[in-house]
Amino acid sequence: MVERIEDLNLPNSVIARIIKESLPESASVSKEARAAIARAASVFAIFVTSSSTALAHKQNHKTITAKDILQTLAELDFESFVPSLTQDLEIYRKMVKEKKEIKASKKDTSTAENANASTAAAAEDATE
Amino acid sequence: MVEPKIQPVERPPNADTVLPLSRVRTIMKSSMDTGLITNEVLFLMTKCTEMFVRHLAGEAYADAFRQQPGESLKYEHLSQLVNKSKNLEFLLQIVPEKIRVHEFQEMLRLNRSAGSDDDDSESGSESDE
């Protein structure tokens, strides 16, 4: 769990980089503004997580799914995020699948471990 | 499969995240009662948090400097955006205006109803900051 409140902060350098990328070259950002954006991003993540959790619970699911998050974003008036996130997710899924296939083909030779490998792969999908 | 899609954002879709997944997981866990966060969900949350940062900075900047680019983005630009955007309501207490929100709302209401000819009546509650 969270031991210190700073654990909820996102790294300043990464936030600064993302902000810089999304503004015109000539723009500058005050320290106070950057700190506020970083704080807002943490709160956004918490807000979306708890809203998604509530949505999942309402559908009698214990854990949230990607679908819950996308639906929550639309409900929270961030539907403009959904199309490109959906694309990112597609690519992510493809990547995971490819990785798994490579792994599986490597392990095909050792027949004894095959059953274990597939359960391990499934477990890897859902780390706590 | 490979047909070109309309992209509202300038960056191509990708599976790379710049924010650290472990930190986003910590943040998510701080608000979740029941544990299990799949890798896929973690990826998606990280991506959408990155997107939110871009959105917030971009909108605040666009709002503040519609005419002349090249200015410095300041805290007040953010709080102004938060105050007027419905979907940023959850940040009202996180990025507050330097005056109090209820004063601001009071001001708005007075301006609307009274046409702002006498707003001296509320001066008693302005001395908080």
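# Two chains and two domains: a chat

Reader: I'm new to this one, so which residue of strand 1 of chain B is the bridge partner of Val29(A)?

Author: Val29(A) has Leu73(B), in strand 1 of chain B, as its bridge partner, and please keep in mind throughout that this is a predicted model.

Reader: Okay, and how many bridges join the two strands, and do they run parallel or antiparallel?

Author: Strand 1 of chain A, residues 28–29, is joined to strand 1 of chain B by two bridges, and these strands run parallel.

Reader: Zooming out a bit, how many residues does the contact take from chain B and from chain A?

Author: Chain A contributes 69 residues to the contact and chain B contributes 62 residues. The two chains bury about 5900 Å² between them, with 71% of that area on carbon and sulfur atoms. On the side of chain B, the residues that lose the most area to chain A are Ile27(B), Leu36(B) and Leu44(B), which together make up 11% of what that side buries.

Reader: What about charges, how many salt bridges cross between chain B and chain A?

Author: The rule finds one salt bridge across that interface, and there the side chains of Glu40(B) and Arg93(A) meet with an N to O distance of 2.6 Å. As for polar contacts, the count between chain B and chain A is 12 residue pairs, with both residues at pLDDT 80 or more.

Reader: And which element of chain B gives the largest share of the side that touches chain A?

Author: That is helix 2 of chain B, from which 19 residues of that side come. Sorted by class, the side of chain B that touches chain A holds 34 nonpolar residues, along with 14 polar and 14 charged ones.

Reader: Switching topic, what domains does the assignment give for chain A?

Author: The assignment divides chain A into domain 1, covering 1–77, and domain 2, covering 81–128. Their contact takes five residues from domain 1 of chain A and six residues from domain 2 of chain A.

Reader: How much area is buried between them, and which three residues supply most of it on the domain 1 side?

Author: About 380 Å² is buried between domain 1 and domain 2 of chain A, and carbon and sulfur atoms give 92% of it. Ala66(A), Leu70(A) and Leu73(A) supply 85% of the area that domain 1 buries against domain 2, which is more than any other three residues.

Reader: How many salt bridges and polar contacts are there between those domains?

Author: The rule finds zero salt bridges between domain 1 and domain 2 of chain A, and the count of residue pairs in polar contact, both at pLDDT 80 or more, is also zero. The side of domain 1 that touches domain 2 has five nonpolar residues, no polar and no charged ones.

Note on methods:
Residues numbered from 1 in each chain as written. Chains lettered and ligands numbered in written order. Predicted model: local features only at pLDDT ≥ 70, side-chain atom pairs only at ≥ 80, totals over all residues. Heavy atoms only, no water. Contact = heavy atoms within 4.5 Å. Buried area = accessible area lost by both parts, 1.4 Å probe. Salt bridge = Lys/Arg side-chain N within 4 Å of Asp/Glu carboxyl O. Polar contact = N/O pair within 3.5 Å; in protein donor to acceptor, adjacent residues only side chain to side chain. Helix = DSSP H or I, 4+ residues; strand = E, 2+ residues; numbered from the N terminus. Nonpolar A, V, L, I, M, F, W, Y, C, P; charged D, E, K, R; others polar. Pairing = 2+ DSSP bridges. Domains from an automatic or database assignment.
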